[in-house]
Amino acid sequence: MQMKKITAILLLSLFIGFAQKPKTLKPFNSICVEVKEPSDICINPHNKESFFVVSDNGFLHEMDANGKILRTSSFVGLDFEAITIFNGKIIAVEEMARKLNVFDINTFEVERSVVIPYGGGRNKGYEAITYNPVSKKIILITEKDPSWVLELDENLTVTNQFQLQIARDISAITFYKDNLWILSDEDRTIFKCDPQNYKVLESWKIPVVNPEGIVFNQKGELLILSDDRQKLYFFNLEN
Amino acid sequence: MNRYINIYILLFFSSLTFAQLTLSNGNHVLEITGSTSTYFNNRNLKPGENDFKKDRFRLRDAQLQLEGRVGNTWEYELQVDFVDLASANAGIIDPENPGLMEAMVNYKGLGFIEIQAGYGKINYSRSSMVPFLFTPYWQRAQVARDFFSRRDVGLTLKSDFWNQRVNVYAGVYTGLGENSLQGDNDPSGQLEYAGRVDIAYPSRFRYRDIDDKISPVPMVAVGVNGRYSNKILAEGRTFPEFSQGEFGMRVINGEKMLYGFDVAVQYMGFSAQFELHQLRGKPLLETDPLFQGYNLQQTNGYFKAGGYYTQLNYFSPKLKTIISIRYEEMDWSDLVSGKSKRISPAIAYQINGFNAMIKAQYFGIIQEDPLDTLIWEEQFRIGIQFAFK
């Protein structure tokens, strides 16, 4: 009898899991970007008309709102997969090398590099990074199998880690308007999450091939960067 | 009670994570992965046949793979399958599952083109280039398995354009395929040349059969490829044992031109592949068995062989299930009337993505080629693949 109850509860949980379908969000615009194999994006805090974009082939670029490359760092990494701004500096993450490179925004020179070892698959390493002002931690997430959340202090030292089980993979993260926004490439889904406990508050399916980067522009529009299509898609969450 | 235990076992396995090991010093990255797969095979023999040896469990794979990268310049790969190394099968190399699978180094320092040297997959045939772990099948279509060698020692040049939508490959190899591992070239001393171009739209299309990312837009990839060799043996010389394959046409004493075409599409979890290969052989000797006993006037000095397969797939992320069906035809010689026709549905359940998958495949023979008669009418294969990567 007890066995039947437990089984019924488990099956019901599975059913509820399936039943919570995310809404579908459609882009109202898209532009091609000059950056080849773009893998993540963040906004330039000094000029909100431009963005910093990293690429699979190890380049850091500044790009304008039309997708045109404005400048490129002389430093070439192995494979940049994630980018964020912290304390006025750019942090660009090399997935395979498990390396966080801190760039000066003005000179585009590397000031500091920190290796954070991780034993997972070389293409399943660090894929997403952002600063969470609520917990005052830098959030670093591995792609899949499994997706680990690493919380770093301002010295880029790991202070906590745990598994995130909201999607098949994680491809990007950003912080906007009191929430964490997490992107999954394989599930093509955006998750709006509680910055305290990472609980999913809302989610949206997006019709974008290979979404790898997420950012909000100064108008509050949601921008999704597609690696395979080399495009930036614009979404309006208000509608 | 058993039903409950099964459910708990499934739930337990679905929560497992998979180990892999990546070592990095910040510039040199080495990844260690591997896989094993085991299946049970059952055959329904023709009336009068009594050899049931293929009703068996078989360890298909026990692979270890080392993949590395040094800066932005070098990549290397070493992949071995211990099943075939352990079987020590005296020279017979299963092309789908050879002992040594990859041993190559790739130089990327030129930027616009990559140079790959060593032993590994020949960039010919889309099906051949799809890693086996990413299909619900236990065996590839006959035309992509028995018809041509899939690996060889040689040199490959690779380049891509238009954000990897266009891939171009050109290479030169021993022409002995998997048997090149035995050392020397054949007595002709001649090489085989291969090339491939594939184009995808609207974005790059990975070498995968299943649309596990549920593409939101229709995607298509088209490829053409060819291989050429002209191996002329001096009188009294022969090719190395087993190198010509079961049907004697992997390597021929004479001129061989193999060409193929493939197309793949995917959209919203549905995917389909079509692939065709045609061989035109000009054996040097009129007495060559490939002429099937016909004389020069009857054959005009050449024969043709070839076939195609088409496959439809659907992946349901909710059910973690892949369903596929494949139809294939193979004509081992245009000099002998008749060709084989087969149908093969397959289903796979993902316990943890492609890394842990239960796969089942049915082999149905609709018609046999007179050059390839079998003792069985149908076959069923079920098993599990597990990859630590």
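## Tour of the salt bridges and of chain B

Select A:Arg71 to begin: at 25% relative accessibility, this residue counts as partly exposed. The model is a predicted one, and the stops below concern charged pairs and then chain B.

**Stop 1: A:Arg71 and A:Glu62.** Keep A:Arg71 selected and add A:Glu62. The two form a salt bridge, with 2.6 Å between the closest N and O atoms. The partner A:Glu62 has 8% relative accessibility and therefore counts as buried, the limit being under 20%.

**Stop 2: A:Asp145 and A:Lys124.** Next, select A:Asp145 together with A:Lys124. Their closest N and O atoms are 3.0 Å apart, in a salt bridge. This pair links distant parts of the chain, 21 residues apart. A:Asp145 is in the loop between strand S12 (137-142) and strand S13 (148-152) of chain A. A:Lys124 is in the loop between strand S10 (110-115) and strand S11 (126-132) of chain A. Are the two residues buried or exposed? A:Asp145 is buried, at a relative accessible area of 14%, and A:Lys124 is buried with a relative accessible area of 14%.

**Stop 3: B:Lys256 and B:Glu192.** Move to chain B and select these two side chains, which meet in a salt bridge at 4.0 Å, N to O. Here too the pair links distant parts of the chain: B:Lys256 is in strand S11 (residues 254-267) of chain B, B:Glu192 is in strand S9 (residues 192-201) of chain B, and they are 64 residues apart. Both B:Lys256 and B:Glu192 are buried.

**Stop 4: a network in chain A.** Select A:Lys23, A:Lys192 and A:Glu202. Salt bridges with shared partners join these residues into one network. Over all chains, the structure holds 28 salt bridges.

**Stop 5: chain B as a whole.** Show chain B alone, coloured by secondary structure: it has four helices and 17 strands. The C-alpha trace spans about 70 × 60 × 45 Å along its principal axes. The radius of gyration of chain B is 22 Å, which agrees with the value near 21 Å for a compact globule of 389 residues. Of contacts in chain B between residues at least 6 apart in sequence, 64% join residues at least 24 apart.

**Stop 6: the surface of chain B.** Switch to a surface view. Chain B exposes about 17200 Å², and 60% of that is supplied by carbon and sulfur atoms. Buried residues account for 51% of the 389 residues in chain B. Finally, colour by charge: there are 40 positive and 42 negative side chains in chain B, and the centres of the two sets are 6 Å apart.

Technical notes. Residues numbered from 1 in each chain as written. Chains lettered and ligands numbered in written order. Predicted model: local features only at pLDDT ≥ 70, side-chain atom pairs only at ≥ 80, totals over all residues. Heavy atoms only, no water. Buried < 20%, exposed > 50% of the residue type's maximum accessible area, 1.4 Å probe, protein only. Helix = DSSP H or I, 4+ residues; strand = E, 2+ residues; numbered from the N terminus. Rg over C-alpha atoms; globule rule 2.2 N^0.38 Å. Contact = heavy atoms within 4.5 Å. Areas by Shrake-Rupley, 256 points an atom, 1.4 Å probe, with all protein chains shown as cover. Lys, Arg positive; Asp, Glu negative; His and termini not counted. Charge placed at Lys NZ, Arg CZ, Asp CG, Glu CD.
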